[in-house]
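Welcome! Take a moment to look over the sequence and the model, and then let us walk through them together.

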Amino acid sequence: MERFVDVAPGVRLWAEELGSPDAPALLLVMGAQASGLGWPDELVELLAGRHRVIRYDHRDTGRSTACFDEQPYPLTALAEDAVAVLDAFEVERAHVVGMSLGGMLTQLLIADHPDRLLSATVIGTNALSSTPYAAPDGSRVPPEELPGVSAELMELWSRPAEDRGPEAELDRRVEHWRVLGGGAIPFDAAYARELERRIIAHTGHHHVGTAHARADYSGMERTERLAATDVPTLITSAPAEPVAPAPHAEHLAQVIRGARLVEIPGMGHALPREVHVPLAAAVLDHTGRS
């Protein structure tokens, strides 16, 4: 079932729920400039076998209101939007799964709204903590000195996103997914193209969004609250991750109290078919424990 959710004056978000309405709720939170359809249908269906799954479009993505130019907002507002989505679906507490920027937003929910979470799963992001990483050799590494985004991905991001029509934009997005995939799993360009074709049809246009890159990133650190949380948290480790490469997942597992770390073989910063079953299994095992 699809619906629109009012989260702020003049701001409406597209949302969709799948699965039994009587099952425990599971909220999917996607990354920067990514529609909720970035969660592949096949993966959502696996999760919906046991959960009432809710996915949604952030502000300035998909069918949700494009408002940043008229109403600039900090990225922390996107975490409050997630709470508003739960409210709109009358969900008191939910399992939350966040990827990339969605993983940062999930950390904000862990810290600021623990009473709304049954559990959390964090995928492909860095810790919102100033606590150093404790390396296996006993050294302590400040978070800002941990490895950054891969050179190939930085080069891709540095290119101007020119509007050369929908097919050229599909080409650009497919190349982006190839690099995000990390190379451990053979890249399926046709699968990536069909996913993005559906997202463009869902959105109604092919234009590149930049709102989340321009939003204020300040005020997101939650060192003390993450270290003291009681929210059961799963961190996925992706060996081919090009955005938050090792040891970012290990660092997250250290700074979020009680967090468990599970590796998804071959995974990068994408959700190809090959990771759907192991990722769903890890999430469902975690929500079952919680």
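What follows is a short tour, from the overall build to single residues.

**The whole chain**

Please keep in mind that this is a predicted model. The protein chain contains 10 helices and 10 strands. Its C-alpha trace spans about 50 × 45 × 40 Å along the principal axes. How does the radius of gyration fit with a compact globule? For 290 residues such a globule would have a value near 19 Å, and the protein chain has 18 Å, so the two agree.

Contacts tell us how the chain is put together. Among contacts with a separation of 6 or more, 75% are between residues 24 or more positions apart. Of the 290 residues, 54% are buried. On the outside, the protein chain exposes about 12,700 Å², and carbon and sulfur atoms supply 52% of that area. As for charge, there are 25 positive and 42 negative side chains, and the centres of these two sets lie 2 Å apart.

**The cores**

In soluble globular proteins, nonpolar side chains tend to be buried together. Here the largest nonpolar core has 50 residues, and Leu-27, Tyr-56 and Ile-235 are the ones that touch the most other members. Which element gives this core its largest share? That is helix 2, residues 76-88, with 8 residues. Apart from this core lies another one of 25 residues, including Leu-26, Leu-28, Ile-123 and Ile-185.

Tyr-56 is a good place to zoom in. Setting aside neighbours within four places in sequence, its contacts include Leu-13, Trp-14, Leu-27, Leu-28, Leu-78, Ala-82 and Val-85.

**Two residues to compare**

Trp-14 is found in strand 2, which covers residues 11-18. With a relative accessibility of 2%, Trp-14 counts as buried, because buried means under 20%. Beyond residues up to four places away in sequence, Trp-14 touches Tyr-56, Arg-63 and His-202, among others. Trp-14 and Arg-63 are 49 residues apart in sequence, while their C-alpha atoms are 5.7 Å apart in space.

Thr-229 sits in the loop between helix 8 (223-228) and strand 9. This threonine, Thr-229, is buried too, at 5% relative accessibility. Once neighbours within four places in sequence are left aside, Thr-229 is in contact with Ile-110, Ile-256 and Arg-257. Thr-229 and Arg-193 are 36 residues apart in sequence, and from C-alpha to C-alpha they are 40 Å apart in space.

**Backbone details in the loops**

Some loop residues have backbone angles worth a look. Gln-33 is not a glycine, yet its phi is positive, and Glu-90 also has a positive phi without being a glycine. The table puts them side by side.

| Residue | Phi | Loop | Relative accessible area |
|---|---|---|---|
| Gln-33 | about 55 degrees | between strand 3 (25-29) and helix 1 (41-48) | 25%, partly exposed |
| Glu-90 | near 55 degrees | between helix 2 and strand 5 (94-99) | 73%, exposed |

Where is the cis peptide bond? It joins Ala-246 and Pro-247, with an omega of about 10 degrees. Pro-247 itself is placed in the loop between strand 9 (233-237) and helix 9 (248-255).

Key
Residues numbered from 1 in each chain as written. Predicted model: local features only at pLDDT ≥ 70, side-chain atom pairs only at ≥ 80, totals over all residues. Heavy atoms only, no water. Helix = DSSP H or I, 4+ residues; strand = E, 2+ residues; numbered from the N terminus. Rg over C-alpha atoms; globule rule 2.2 N^0.38 Å. Buried < 20%, exposed > 50% of the residue type's maximum accessible area, 1.4 Å probe, protein only. Contact = heavy atoms within 4.5 Å. Areas by Shrake-Rupley, 256 points an atom, 1.4 Å probe, with all protein chains shown as cover. Lys, Arg positive; Asp, Glu negative; His and termini not counted. Charge placed at Lys NZ, Arg CZ, Asp CG, Glu CD. Core = buried A, V, L, I, M, F, W, Y, C linked by side-chain atoms within 4.5 Å.
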